[in-house]
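Welcome! Let's take a friendly look at charged side chains and how they pair up, one question at a time.

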Amino acid sequence: MAASGKFRVGIIGLGMASPPHVLSLLDLTDRVDVVGAFSPSAARRSDFHARFGLPTVENVDAIFEERSIDYVVILTPPNTHLELVQRAAQAGKHVLLEKPLDVTLERSRQVIETARQASVRLGITFQRRFRTTFVETARRIAEGELGGIVSASIRLANWRPQSYYDEPGRGTLARDGGGVLLTQAIHTIDQLIALAGLPVEVSCLAVTSPIHRMETEDLVHATLRFGNGAIGVLSATTAAYPGFPDSIEILGTKGSARLEGDGGVINLMDGRTFLLTDDTADRGSGADPMDFSHHNHRAVHEDFLMALEKDREPSVQGIDSLAAHLLIDALLRSAKEGETAYLKPFTILPK
């Protein structure tokens, strides 16, 4: 931390994912200074500086070698994450990483191990964890108001035109690691796991629909079974024109919770009903994937800064993201092999 009392940060990656992060950091200028931002594209660096007025660097080495930088925000394509986290860890810099961890389960494990061994903090951008609707639902479930969970299901019905997948590398195994599950549905999958736990078995169908020309899956349906005997369904697609709000449904022995888009409702069997709203919820289910407020991204950054200030783990850690990767890996394995896939939720990391 600088003498000013502010954390100093470097940004790596100035593509589509960067605006909500940068706007968040600009909102937090009383606590953080952006020292430099890097993209291998000179045009992107120029556009970034013109739009935000923040300094850029021509080589990523400048960010890793700048000793005053406390942490880096990594917003690059998934297949670059492991190597960039390794460089940050070697330089003793904390990392706030855009999801997913990386393109494969093994590389994702290595991301977490790299940060752990270097004793640097690793935060993951799962901004939907900070929706007020989700926070309130998670609290009531944790306090037992819904009773025991008997069913937990999610639905993600996005629309992405073919032009989205015509961008070089998008929807490929080499760059993105997968399709709708790892790129879009991972947010809702993370919420599901946070509310109901990690399923222990899944049966899945995953295909590339005739709507898109792409390497990976754009349409997935699956059944889930959890360790306590609860069951559920998972549905995810980017072929649902024109795009619809994501939804989460939790059924318990004392009531139910249903979240959809920026609202939700909790109905308890004792007669109480709670209406939930989030005026700044993430959207982006339609053709413009960046059609959302940066409010929840700012909450991610605020939490990460608090973790550094208090020397604690961020609210959303690498291990949380790895659980989502583990489930996605099982879903795709089930679809490929045509049989039920089993998960071992307590052996995510090797001992």
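Q: Is R140 buried or exposed?
A: This is a predicted model, and the answer here is computed from it. R140 has a relative accessible area of 9%. Buried means under 20%, so R140 counts as buried.

Q: Which residue forms a salt bridge with R140 in helix α6, and how far apart are the closest N and O atoms?
A: Both partners lie in helix α6, four residues apart, which is about one turn of the helix. The partner, E136, is partly exposed at 22% relative accessibility. R140 pairs with E136, and their closest N and O atoms are 2.8 Å apart.

Q: Which residues are linked with R140 in a network of salt bridges?
A: One pair to look at is E143 with R139, whose closest N and O atoms are 2.9 Å apart. R139 is partly exposed, at a relative accessible area of 33%. The network links R140 with E136, R139, E143, E145, D270 and R272.

Q: Which residue forms a salt bridge with R128?
A: This pair links distant parts of the chain, 118 residues apart. R128 sits in the loop between β5 (122–125) and α6 (132–142), while its partner is in strand β10 (residues 239–252). Both residues of the pair are buried. With the closest N and O atoms 3.6 Å apart, the partner of R128 is D246.

Q: How many salt bridges does the count come to?
A: Side chains of opposite charge can pair when their charged atoms come close. For a salt bridge, the cut-off is within 4 Å. By this rule, the count is 24.

How values were computed. Residues are numbered from 1 along each chain as its sequence is written. This is a predicted model: local features need pLDDT of at least 70, side-chain atom pairs count only at pLDDT 80 or more; totals for chains, interfaces and linings use all residues. Side-chain values use heavy atoms; hydrogens and water are left out. A salt bridge is a side-chain nitrogen of Lys or Arg within 4 Å of a carboxyl oxygen of Asp or Glu. Helices (H or I, at least four residues) and strands (E, at least two) are DSSP runs, numbered from the N terminus. Buried means under 20% relative accessible area, exposed over 50%, partly exposed in between (1.4 Å probe, protein chains only).
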